Amino acid sequence: MTGPESEEPLLRRAVCPGSFDPVTNGHLDIIGRASKLYDEVYVAVMINKSKQGLFTVEERMDLLRQTTAEYGNVSVEAFHGLLVDFCKQREIPAIVKGLRAVSDFDYELQMAQMNNGLSGVETLFVPTNPTYSFLSSSLVKEVAAWGGDVAHLVPPLVLEALTERLGRK
Ligand code: PNS
């Protein structure tokens with residue numbers, strides 16, 4: 001039994017899924033806001049074997065763990081499979097996603113409806129802080145690869161990792 005009559009208090013859990021290659025300030029904005037709304041927030045690094053990342057899954061998780069440690073209720077895991085199975089295994093009823101622009105909405109709506117149809121899990125959309133509405137890991141990597149300044153877009157730890165990986169000072 002869960003809920004008001006059970007002995008164990010019901011923990012409100014949510015997952016923030018993504019590739020996080022690497023985590024950006026935009027991701028952290030959403031994860032931080034989710035951590036205020038839920039008791040436990042899982043950050044799920046979803047493994048896509050057909051997509052070669054700049055960082056390994058272990059490296060992404062390490063950067064996420066260090067940059068989310070201050071929130072206190074966020075844990076980071078990797079998962080190979082369907083997001084709904086990650087949720088089922090951990091009894092997570094809600095997925096939290098950031099929406100940057102209307103263009104995000106089309107595909108996000110499809111995924112939300114598919115996930116709900118598969119397992120009943122709900123998706124909650126959080127409007128991205130306008131400061132980060134143009135921000136994506138792909139753009140950060142592209143700009144950094146050409147020597148552009150991304151210091152205001154990622155945490156210092158990630159900037160260091162990017163600089164080291166891309167061989168630029
Ligand atoms: O950071 P991204 O790459 O935009 O995140 C997309 C992600 C990983 C959240 C999405 O592709 C996903 O949920 N993948 C897991 C596999 C899955 O459940 N696919 C069906 C989605 S309806």
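For what follows, Ala, Val, Leu, Ile, Met, Phe, Trp, Tyr, Cys and Pro count as nonpolar, Asp, Glu, Lys and Arg as charged, and the others, Gly among them, as polar. Under that scheme, the shell around the ligand in this predicted model is made up of six nonpolar, four polar and one charged residues. The ligand occupies the space of the largest pocket, and the protein around it contains six helices and five strands.

**Overall fold**

- Read from the N terminus, the elements of the protein follow the order β-α-β-α-β-α-β-α-β-α-α, and the radius of gyration of the protein is 17 Å, close to the 15 Å expected from the globule rule for 169 residues, so the protein is as compact as a globular protein of that length.
- Taken along the principal axes, the box filled by the C-alpha atoms of the protein is roughly 60 × 35 × 30 Å.

**Ligand surroundings**

- The residues that surround the ligand are P17, G18, S19, M46, K51, G81, L82, L83, M111, M114 and N115, and the protein covers 67% of the 550 Å² of accessible area that the ligand has on its own.
- Two elements, β1 (13–18) and α4 (102–119), each contribute at least two residues to this shell, and the largest share, three residues, comes from α4.

**Polar contacts of the ligand**

- In the side chain of S19, an N or O atom lies 2.5 Å from an oxygen atom of the ligand.
- At L83 the partner belongs to the backbone instead, where a polar atom is 2.9 Å from an oxygen atom of the ligand.

**The loop between β1 and α1**

- Most residues other than glycine have a negative phi, and most peptide bonds are trans.
- F20, which is placed in the loop between β1 and α1, has a phi near 50°, a positive value in a residue other than glycine.
- The peptide bond that runs from D21 to P22 is cis, with omega near 5°, and P22 lies in the loop that connects β1 to α1 (25–37).

Definitions and conventions. Residues numbered from 1 in each chain as written. Predicted model: local features only at pLDDT ≥ 70, side-chain atom pairs only at ≥ 80, totals over all residues. Heavy atoms only, no water. Near = heavy atom within 4 Å. Polar contact = N/O pair within 3.5 Å; in protein donor to acceptor, adjacent residues only side chain to side chain. Areas by Shrake-Rupley, 256 points an atom, 1.4 Å probe, with all protein chains shown as cover. 1 Å grid on protein atoms, 1.4 Å probe; cavity = no way out; pocket = protein on both sides within 12 Å on 5 of 7 lines; lining within 4 Å. Sits in = over half its atoms within 2 Å of the grid points. Helix = DSSP H or I, 4+ residues; strand = E, 2+ residues; numbered from the N terminus. Rg over C-alpha atoms; globule rule 2.2 N^0.38 Å.
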